[in-house]
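Q: Hi, do you have a moment to go through a model with me? I'd like to start with the aromatic residues and then move on to whatever comes up.

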Amino acid sequence: MNRINTLRAALVALLPLAAIALASPAPAQSPSASPAPAASPSPTPTPAPSATPVPPPAETKSPADSPAASQSPTPPPAAPVQTADPFGEPFTLEPKKVAMLKGTANWDSAFDALIEAFKQLTALLDKDGIKASGNPMIVYTSTDDTGFTFIAEIPVDQDAKNLGKNMSMGNSPDGKALKFVHRGSYDNMDNTYEAITNHLDDKKLEAKDTFIEEYITDPLKTAEDKLVINVYVPLK
């Protein structure tokens, strides 16, 4: 695929039933009713056993009197907020001294070709006892439907001496650019470049015929689906 061309939630109430008392009419009294004979005095009543004294209820404390109630519960810590990756963030590229290797590749084997280029540059630096001073990069210089040409670059603080075929020392691209972030495999980068193209079209921005990938995760040690790559699009 030509990546440069792609850049464009009813409460129910229960009612209590009221009981209705019905009064019956009082029976009529006989007018000549004789008084009932007086009841004979009852024997001396046996005193009832004394009731067991009931202790007074214990003093209860209201919830407000409880020490725990006077303290508000400690809320759980808030979850950290993950900020979104920058997408189309203005960025100024600073030139860096780099050991670089020029190469060509087909899209079908693109990632393998880039990995091989990084391996060769890493072997060169190891041989010269030089440590990388930054993240490895790929600069795409031209593309077509079948493949592309590129420059693999690794920043260093000193010149490498045992340069091999297609290797040289130089400087990385500089100038104004837009920064985008890709997470995942290299094969899924087409989706990222399509989003980049839409962003440029929406903003009516014109990009140069090149773009740069900075590998934040080590491509030689990181699983391909775990890659994090910054994509820089230089502007005209």
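Q: Which residues do ring pairs link into a cluster?
A: Happy to help! This is a predicted model, and in it ring pairs join W107, Y140, F148, F150, Y193 and F211 into a cluster.

Q: And how many aromatic pairs does the structure hold?
A: There are 9 aromatic pairs in the structure. Take Y140 and F148: their ring centres are 5.3 Å apart and the planes meet at 55 degrees, so this pair is tilted.

Q: Why is that pair tilted?
A: Planes under 30 degrees apart would count as stacked and planes over 60 as edge-to-face. The 55 degrees between Y140 and F148 therefore makes the pair tilted.

Q: Are those two buried or exposed?
A: Y140 is buried, with a relative accessible area of 0%. F148 is buried as well, at 4%.

Q: OK, on to the core. Which residues touch the most other members of the largest nonpolar core?
A: Those are F148 and Y186, in a core of 37 residues. Several elements each supply at least two of its residues, including β2 (97-106), β3 (137-143), β4 (147-155) and α3 (189-203). The largest share, 9 residues, comes from α2.

Q: What about a second core?
A: A separate core of 9 residues includes M100, M137, V139 and I212.

Q: Back to α2, then. Which of its residues are buried?
A: The buried ones are A110, F111, L114, I115, A117, F118, L121, L124, L125 and D128. They pack against β2, β3, β4, β5 (167-171) and β7.

Q: What span should α2 have, and how far apart are its end C-alpha atoms?
A: With 19 residues at 1.5 Å a residue, α2 should span 27 Å, and its end C-alpha atoms are 28 Å apart, which agrees.

Q: What comes just after α2?
A: There you'll find G129, which takes a positive phi of about 65 degrees.

Q: New topic: where is H182 placed, and is it buried or exposed?
A: H182 belongs to strand β6. It is buried, with a relative accessible area of 3%.

Q: Which backbone oxygens lie by a polar atom of its side chain?
A: The backbone oxygen of S185 lies 2.8 Å from a polar atom of the H182 side chain. For the backbone oxygen of G184, the distance to a polar atom of that side chain is 3.5 Å.

Q: And which residues does H182 touch, leaving out those up to four places away in sequence?
A: With those left out, H182 touches N188, M189, T192, L227, V228 and I229.

Key: Residues numbered from 1 in each chain as written. Predicted model: local features only at pLDDT ≥ 70, side-chain atom pairs only at ≥ 80, totals over all residues. Heavy atoms only, no water. Core = buried A, V, L, I, M, F, W, Y, C linked by side-chain atoms within 4.5 Å. Buried < 20%, exposed > 50% of the residue type's maximum accessible area, 1.4 Å probe, protein only. Helix = DSSP H or I, 4+ residues; strand = E, 2+ residues; numbered from the N terminus. Expected span 1.5 Å × (residues − 1). Contact = heavy atoms within 4.5 Å. Phe/Tyr/Trp six-rings, centres within 6.5 Å; stacked < 30°, edge-to-face > 60°. Polar contact = N/O pair within 3.5 Å; in protein donor to acceptor, adjacent residues only side chain to side chain.
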